[in-house]
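Here are some short exercises to help you find your way around a new structure. Try each task yourself, then walk through the solution.

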Protein chains: 4
Amino acid sequence: MASYSEQKEDLLLRLRRIEGQVRGIQRMIEQDKYCVDVLVQISAVRSALDSVGLILLDQHTRGCVARALRDEGEQAETAIAELTDVMKRFIK
Amino acid sequence: MASYSEQKEDLLLRLRRIEGQVRGIQRMIEQDKYCVDVLVQISAVRSALDSVGLILLDQHTRGCVARALRDEGEQAETAIAELTDVMKRFIK
Amino acid sequence: MASYSEQKEDLLLRLRRIEGQVRGIQRMIEQDKYCVDVLVQISAVRSALDSVGLILLDQHTRGCVARALRDEGEQAETAIAELTDVMKRFIK
Amino acid sequence: MASYSEQKEDLLLRLRRIEGQVRGIQRMIEQDKYCVDVLVQISAVRSALDSVGLILLDQHTRGCVARALRDEGEQAETAIAELTDVMKRFIK
């Protein structure tokens, strides 16, 4: 069971909506819509993706990281190194 | 005709790939994949979206903004204000 | 004369404030302040820097880029390539 | 003692360098340097600040968050909510 199992339905709903938005952007481009309108939609998808990322980061910290830290030992180190690495990907 | 008409096929290809990646993330969540692996995929989609945004920004500047600036007048002001506004959405 | 010459005073004021904030963060660290409070200050400096960046991008487009586009020719191409490149640095 | 006490010297060194870079940007603006060169410097300071942020986030997770999670109870919840909140500030 993943750390996000309680948020699973919410996450899937958000991702299906994001998938729909990405298809909408394809249609905008097929129909030669104005660049700025397309860019506004892209930035909206980006924010929606970031929200999904933040929910996962939050659940991951509460679940996997918390568990690893309680056990201490080597797993704790791995869990923190992974968390820092994944935050770096989002912040960079 | 939109400023990005020459990149249309490339943009659509990228967006279809992004759509596929978003569906892939849904599957990962349905299958309870490890949070960090899901997060890595989300950051990959984010980068892919940013690349699409940058192509559009580039084409928009070369096309619509350049045209508006050559005509000068009111349209030039509108084009620049719009460009700054859309860059703000990506930078924020 | 740079494109931002009319905003020069405003830009310098903002940068002096940013410099003060960075010194403030040094003091917080010297005094072992709580990590989260330090992080909040760092994100504030980051936003302040982004605002300076956006003012410069806006002025640069209105000034240098507009001038290069009106002249057309090779300079226009260089100006747009530079603008895209610098936006990439902020978005990535 | 803060979670980052072992990194204190490194963090202060980085922040002093950032302070110097911010002063350098002020000089560039006073001397009407080319906008794009100023923007490149601003994006460099931004990256340097993000590195400081990531070191602090990493140390904070290893120190304060780990401690709170081991104690469990109310403090654990507060620590995670704070961590998510501060990550949001950097990602948004």
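**Exercise 1.** Decide whether B:D32 counts as buried, partly exposed or exposed.

*Solution.* Start with the cut-offs: under 20% relative accessible area is buried and over 50% is exposed, with partly exposed in between. In this predicted model, B:D32 has a relative accessibility of 31%, so it counts as partly exposed. Next, place the residue: B:D32 lies in the loop between α1 (8-30) and α2 of chain B. Finally, look at its backbone. Most residues other than glycine have a negative phi. B:D32 is not a glycine, yet its phi is positive, about 55 degrees.

**Exercise 2.** Describe C:D32 by its phi, its place and its accessibility, and find a side chain that it meets in a salt bridge.

*Solution.* Begin with the backbone: the phi of C:D32 is near 55 degrees, a positive value in a residue other than glycine. Then the place: C:D32 sits in the loop between α1 (8-30) and α2 of chain C. With 30% relative accessibility, C:D32 counts as partly exposed. Last comes the partner: the side chain of C:D32 forms a salt bridge with that of D:K8, at 3.0 Å from N to O.

**Exercise 3.** Work out how chain D and chain C meet.

*Solution.* Step one is to count contacts: 43 residues of chain D touch 43 residues of chain C. Step two is the area. The size of an interface is often given as the accessible area lost when the parts come together. Between chain D and chain C about 4200 Å² is buried, and carbon and sulfur atoms give 69% of that. On the chain D side, D:I29, D:L39 and D:R46 supply 16% of the area buried against chain C, more than any other three residues. Step three is charge: there are six salt bridges between chain D and chain C. Step four is symmetry. A turn of 180 degrees, with a shift of 0.0 Å along the axis, lays chain D on chain C with an RMSD of 0.0 Å. Both copies use the same surface, as 100% of the contact residues of chain D recur in chain C.

**Exercise 4.** Which kind of axis relates chain A and chain B?

*Solution.* Superpose them: chain A goes onto chain B by a turn of 180 degrees and a shift of 0.0 Å along the axis, with an RMSD of 0.0 Å. The two copies are therefore related as by a two-fold rotation axis. Now compare the surfaces: 100% of the interface residues of chain A are interface residues in chain B too, so the copies meet through the same surface. For salt bridges, the count between chain A and chain B is six. A pair to look up is A:D50 and B:R46, whose side chains meet in a salt bridge at 2.5 Å, N to O.

**Exercise 5.** Explain on which side of α3(D) its buried residues lie, and what they pack against.

*Solution.* First get to know the helix: α3 of chain D covers residues 73-91, 19 residues in total, and reaches 28 Å from first C-alpha to last, close to the expected 27 Å. Its buried residues are D:A76, D:A79, D:I80, D:L83, D:T84, D:V86, D:M87, D:F90 and D:I91. They span an arc of only 170 degrees around the axis, so they are on the same side of α3(D). An α-helix has 3.6 residues a turn, so residues three or four places apart point the same way. To finish, see what this side faces: the buried residues of α3(D) pack against α2 and α3 of chain A, and against α2 of chain B, chain C and chain D.

Conventions: Residues are numbered from 1 along each chain as its sequence is written. Chains are lettered from A and ligands numbered from 1 in the order in which they are written. This is a predicted model: local features need pLDDT of at least 70, side-chain atom pairs count only at pLDDT 80 or more; totals for chains, interfaces and linings use all residues. Side-chain values use heavy atoms; hydrogens and water are left out. Helices (H or I, at least four residues) and strands (E, at least two) are DSSP runs, numbered from the N terminus. The expected span of a helix is 1.5 Å times one less than its number of residues. Buried means under 20% relative accessible area, exposed over 50%, partly exposed in between (1.4 Å probe, protein chains only). The arc is that of the directions from the helix axis to the C-beta atoms. Contact means heavy atoms within 4.5 Å. Copies are superposed by least squares on the C-alpha atoms of residues with pLDDT of at least 70 in both. Buried area is the accessible area (1.4 Å probe) that two parts lose on being put together, summed over both. A salt bridge is a side-chain nitrogen of Lys or Arg within 4 Å of a carboxyl oxygen of Asp or Glu.
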